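Visitor: I have a protein model to look at, and I am new to this. Could you walk me through it?

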Amino acid sequence: MKDGRGTAVVEEAGTPGVLGPTADPWEPAGREGRGGARGGGGGRWGGSGGRWWVWVGRAVLWAVIIVIVVNGVRAPFERFTAPSTGPSEAKPGKGALFPSSAAGAFALQFANVYLNYDQKTAPAREAQLRPFLPEGADARFGWNGVGALQVQSVQVAGVDARDANNATVIVLARNQDKWLRLAVPVYADKNGALVISGRPALLPPPTKAALPDSGVRDRDSALEGELTPVLGLFFQAYAGGDQAALSRFADGTTIPGLAGTVTFSQVRQVVAPRGDAGARTVTATVAWQVPGSNGAGNGGELEQAYDLDMVKKGGTWYVRDIHGTTEPSAS
């Protein structure tokens, strides 16, 4: 005979969907497992589909984690080990390590001795050449010991470095009304020591370039006439360097003058292209009187050309900037 308590226990155990304390949803519903008999069901797995997807999800998750870790470690390693092709990491050229400045100065001093000779003072020239030449070189270094040559000026025109040790220094020299272009081979060792490594070679003198067609085709003659007297007063103040006078012509900027090194003579020409009514860049040709060697005027004049950036405010033109012109001119 069942009492109320027993009936409650039996009903609780038979309630569908409620698991006991040892129930495992992944165990077969129709066979005995660790928790004992589970009731009939023909060997069917309860929740078998869900269990399979859990394991697939775990595998995918671990695969993603592994890929992230591997890529995170590999990326910086590849950046540090890969050869760089950027401009900041570009390899220097073969001649970049050659001491060009020192070699230019060395070749300049050599050329001053090499291009000046006189048969009356041949031994002195040989002694002056010796510090530049390799051991055992001909003391005259190609000169036959006859005649005389004197150059007025020598300067370096360029250095063609072939590698870290060898270069050709191009030297320009003026002999009266002729220009000489000399190629001087120079060798530099790893310690920076220099020597003339071979006989120099005369090359053709520099050629004269032809200026392109230039000039302002569409000129503003009215503005040129308006600016000529204004710029005459401006350049007079500019010659003396008087800041109080210059400030009356300047557009709020400080324009340093020539501090009395020249005397203003005349504005010979003003060239103004057509353009903005309130701003224009004009070219002015100015004649200066330059003091002679004793500081006194000698009547000599030099015409020079300037570009002036002009702005118009309240009907008056002011100078914003002044600099040398870059406009080609054959005049």
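Below, a visitor asks and a guide answers.

Visitor: How many helices and strands does the protein have?
Guide: This is a predicted model. The chain has 331 residues, and 24% of them count as buried. Its elements are six helices and 11 strands.

Visitor: Where is confidence lowest, and where is it highest?
Guide: The mean pLDDT of the protein is 82, and 76% of the residues reach 70 or more. Residues 1-47 stay under 50. By element, the lowest mean is 42, in helix H1 (residues 4-13). The highest is 98, in strand E6 (residues 194-196).

Visitor: What share of the contacts between residues at least 6 apart joins residues at least 24 apart?
Guide: A contact here means heavy atoms within 4.5 Å. Take the contacts between residues at least 6 apart in sequence. The share that joins residues at least 24 apart is 47%.

Visitor: In what order do the strands of the open sheet lie?
Guide: Four strands form this sheet, and the pairing is antiparallel. Strand E8 (263-271) and strand E11 (316-324) each have a single partner strand, so they stand at the edges. The twist averages 35° from one strand to the next. The order is E8-E9-E10-E11.

Visitor: How many bridges join E9 to E10?
Guide: E9 and strand E10 (residues 301-313) run antiparallel. Thr 285 stands opposite Ala 305 in E10. The number of bridges joining E9 to E10 is 11.

Visitor: Which helix lies across E8, E9, E10 and E11?
Guide: This helix runs at about 155° to E8. It spans residues 221-240 and holds Phe 235. It is H5.

Visitor: Why is the pair of Phe 235 and Trp 288 edge-to-face?
Guide: A search of the whole structure finds 16 aromatic pairs. For Phe 235 and Trp 288, the ring centres are 6.0 Å apart. Planes over 60 degrees apart count as edge-to-face. The planes of this pair are at 70°, so the pair is edge-to-face.

Visitor: Which parts does that pair tie together?
Guide: Both Phe 235 and Trp 288 are buried. They are 53 residues apart in sequence. Phe 235 lies in helix H5, and Trp 288 lies in strand E9 (residues 279-289). So the pair ties together H5 and E9.

Visitor: What kind of aromatic pair do Tyr 238 and Trp 288 form?
Guide: Tyr 238 is in helix H5 and Trp 288 is in strand E9, 50 residues apart. Their rings lie 6.4 Å centre to centre, with 35° between the planes. Planes under 30 degrees apart would count as stacked, and over 60 as edge-to-face. This pair is tilted.

Visitor: Is Trp 288 buried or exposed?
Guide: Buried means under 20% relative accessible area. Tyr 238 counts as buried at 9%. Trp 288 has 2% relative accessibility, so Trp 288 counts as buried.

Visitor: Which residues do ring pairs link into a cluster with Trp 288?
Guide: Phe 235 and Tyr 238 each pair with Trp 288. Both belong to the cluster. The other members are Phe 234, Phe 249, Phe 264 and Tyr 306.

Visitor: Which residue lies over the face of Phe 141?
Guide: Its distance from the ring centre is 5.4 Å. The residue is Arg 199.

Visitor: Is Asn 175 buried or exposed?
Guide: Asn 175 lies in strand E4 (residues 166-175). It touches Leu 149, Gln 150, Val 151, Gln 152 and Leu 180, leaving out residues up to four places away in sequence. Its relative accessible area is 18%, and the cut-off is under 20%. So Asn 175 is buried.

Notes
Residues are numbered from 1 along each chain as its sequence is written. This is a predicted model: local features need pLDDT of at least 70, side-chain atom pairs count only at pLDDT 80 or more; totals for chains, interfaces and linings use all residues. Side-chain values use heavy atoms; hydrogens and water are left out. pLDDT is the predictor's confidence in each residue, from 0 to 100. Helices (H or I, at least four residues) and strands (E, at least two) are DSSP runs, numbered from the N terminus. Buried means under 20% relative accessible area, exposed over 50%, partly exposed in between (1.4 Å probe, protein chains only). Rings of Phe, Tyr and Trp (its six-membered ring) pair if their centres lie within 6.5 Å; planes under 30 degrees apart count as stacked, over 60 as edge-to-face and the rest as tilted. A charge sits over a ring if NZ of Lys or CZ of Arg is within 6 Å of the ring centre and within 35 degrees of the ring normal. Two strands pair if DSSP finds at least two bridges between them. Axes are lines fitted to C-alpha atoms, for helices over the stretch in contact, and angles run from 0 to 180 degrees between N-to-C directions.
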